[in-house]
Every structure is written in C-alpha cells, then in structure tokens.
Amino acid sequence: MKYLTIALAKGRLAELSTELFGKIGLDCPVIKEKSRKLIFTDEKNRLKFMLVKATDVPTYVEYGAADIGIVGKDTILEEGKNLYEVLDLKFGACKMCVCGWADKALPTGFIKVASKYPNITRDYFSSKKNQTIEIIKLSGSVELAPLCGLSEVIVDIVESGKTLKENGLAVIEEICDISARLVVNRVSLKMEKERIMGIVDRAREIIKNDNNN
Ligand code: PRP
C-alpha cells in the first residue's frame, strides 16, 4: 500500500493535530517527542507525517509532496493555492482583524497598513472598504508598527487579545474567523479517495463530539 503523506504546520497546530490523529487511532507518538526530525513514518498505517513551516503547508499539498495538510485558514487565504479545503477542525480558533490605537477609529483616506498577510490585507481594503492603502509587509511582532509610527493600523490574527491590550491597541474591525483546516491535494483526493475520506470522516465525528461536550 502506498504511503499517505500528511503535512502538519509546525508548532501548536502540529501538537493539536497529533492529538486529533491519536483520537482517530492513527497515533504518531514521535511528533510528541522533542526531536529535530522533520518526517515520521507510521509503518502500520502506511502514513508519513511531515513537520512543515505553516506558510509552506499549502505549497506541499498543492504540488502533491503531501496528500493532506493541516494549516490555519489565515495561511490558506494568504497563500491562495489550488487545493481542496475539506474540513474545519475548529481548533486554533482566532480572528483576522484590523487593529490600531485603542481610542481611535479606522482613519479614512490613504493609510499605511502593516501585516504578515499582504494578500488578505489588500483584498479586504480594496474589495470591502474601497480604500487606497500602502501595505507594509512584516514577518512578526506586527503590533510594533503603530507604536513606532511605521503604520496607522495593522492586519493580524487576534486570539486572546493580550498582545493588543498590553501594547495599548485594540480591534477596530473584524475581517473573518480563522481556525485550523484539513486540506487535500486535488489528485490525491481522486486517487486515494477511500483512505483520505476515511480519515476525514473519522476526524469530522471526533470534532462533532468534542464540540458538543
Ligand atoms: C500572533 C499574532 C499576534 C498574537 C495574537 O503572533 O500575530 O501577535 O499571536 O495572540 P493574542 O491575541 O493571544 O495575544 P505570534 O505569537 O505568532 O508571533 P509573531 O508576532 O512573531 O508573529
């Protein structure tokens, strides 16, 4: 039997994904160990798990280097790759928001917007707001941008809201809800439909039960 390859977004999502696979009965204990290994084989179930940088998961799945991926909706929206999004896994929940100074409304007219998500930012301001902006692409600690005058506002994910609060910032507008999604390569879904949908259906059941309790 051919191996099915699963790309997991490194970090917290990979831990939660491992938990989910454990509940499905596809245990991958090696990921729980703190090793530097990036690929783990489950001989019994003919599975390979790969630990991939979150922003690269859609690329691995689009090219078929992975049959299945687990990644945040933020990355899916930002990367815009050609893949099937088959299941909302509900974990890793947060919101994509426009954020700025706590006591200020969103400035009208031309503004600078800093973000790790230039495509989501561009799309929101052009199609939803019809506002001309300059996007400043950053790689992290985006909340710093308004604090030092690099931009008027930011577009970023907000989970607990702690980072904003501790920096005197707040949500100005909500763009969309984000959570982890299971994505599948288009060809793999045709060629390995039974095995992949078997995993998807079992995951769907577990999520349904977890969210009803
Ligand atoms: C993310 C995000 C926010 C923060 C939100 O950053 O970009 O900065 O988490 O979480 P909170 O609402 O619970 O405070 P991350 O921790 O990924 O680090 P980064 O700034 O390096 O991207």
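Biologist: Why is Ser139 called exposed?

Modeller: Happy to explain: Ser139 has a relative accessible area of 71%, and exposed means over 50%, with buried under 20% and partly exposed in between, for a 1.4 Å probe and protein chains only. Ser139 therefore counts as exposed. This is a predicted model, where local features need pLDDT of at least 70, side-chain atom pairs count only at pLDDT 80 or more, and totals for chains, interfaces and linings use all residues. Residues are numbered from 1 along each chain as its sequence is written, and side-chain values use heavy atoms, leaving out hydrogens and water.

Biologist: Where is Ser139 placed?

Modeller: Ser139 sits in the loop between strand 8 (133-137) and helix 6 (144-147). Helices (H or I, at least four residues) and strands (E, at least two) are DSSP runs, numbered from the N terminus. The C-alpha atoms of Ser139 and Arg12 are separated by 18 Å, and these residues are 127 apart along the chain.

Biologist: Helix 6 also holds Leu144. What makes Leu144 exposed?

Modeller: Its relative accessibility is 52%, so by the cut-off of over 50% Leu144 counts as exposed.

Biologist: Which residues form a nonpolar patch with Leu144?

Modeller: Trp101 and Leu147 join Leu144 in that surface patch, with about 260 Å² of accessible area together. Patches take residues with over 30% relative accessible area and no salt bridge, joining like charges within 9 Å and nonpolar side chains (Val, Leu, Ile, Met, Phe, Trp, Tyr) within 5 Å. A salt bridge is a side-chain nitrogen of Lys or Arg within 4 Å of a carboxyl oxygen of Asp or Glu. The areas come from the Shrake-Rupley method with a 1.4 Å probe, and for residues only the protein chains shown count as cover.

Biologist: How do you know that strand 1 and strand 4 pair?

Modeller: Two strands pair if DSSP finds at least two bridges between them. Strand 1 (residues 4-9) and strand 4 (residues 68-72) have three bridges, in the parallel sense, so they pair. Leu8 stands opposite Ile70 in strand 4.

Biologist: What order do the strands of the open sheet take?

Modeller: The six strands run 2-3-1-4-11-5, with mixed pairing. Strand 2 (39-42) and strand 5 (84-88) are edge strands, because each pairs on one side only.

Biologist: What does helix 1 lie across?

Modeller: Helix 1 (residues 12-24) lies across strand 1, strand 3 (47-52), strand 4 and strand 11 (180-184). Contact means heavy atoms within 4.5 Å.

Conventions: Axes fitted to C-alpha atoms, helices over the stretch in contact; angles between N-to-C directions.
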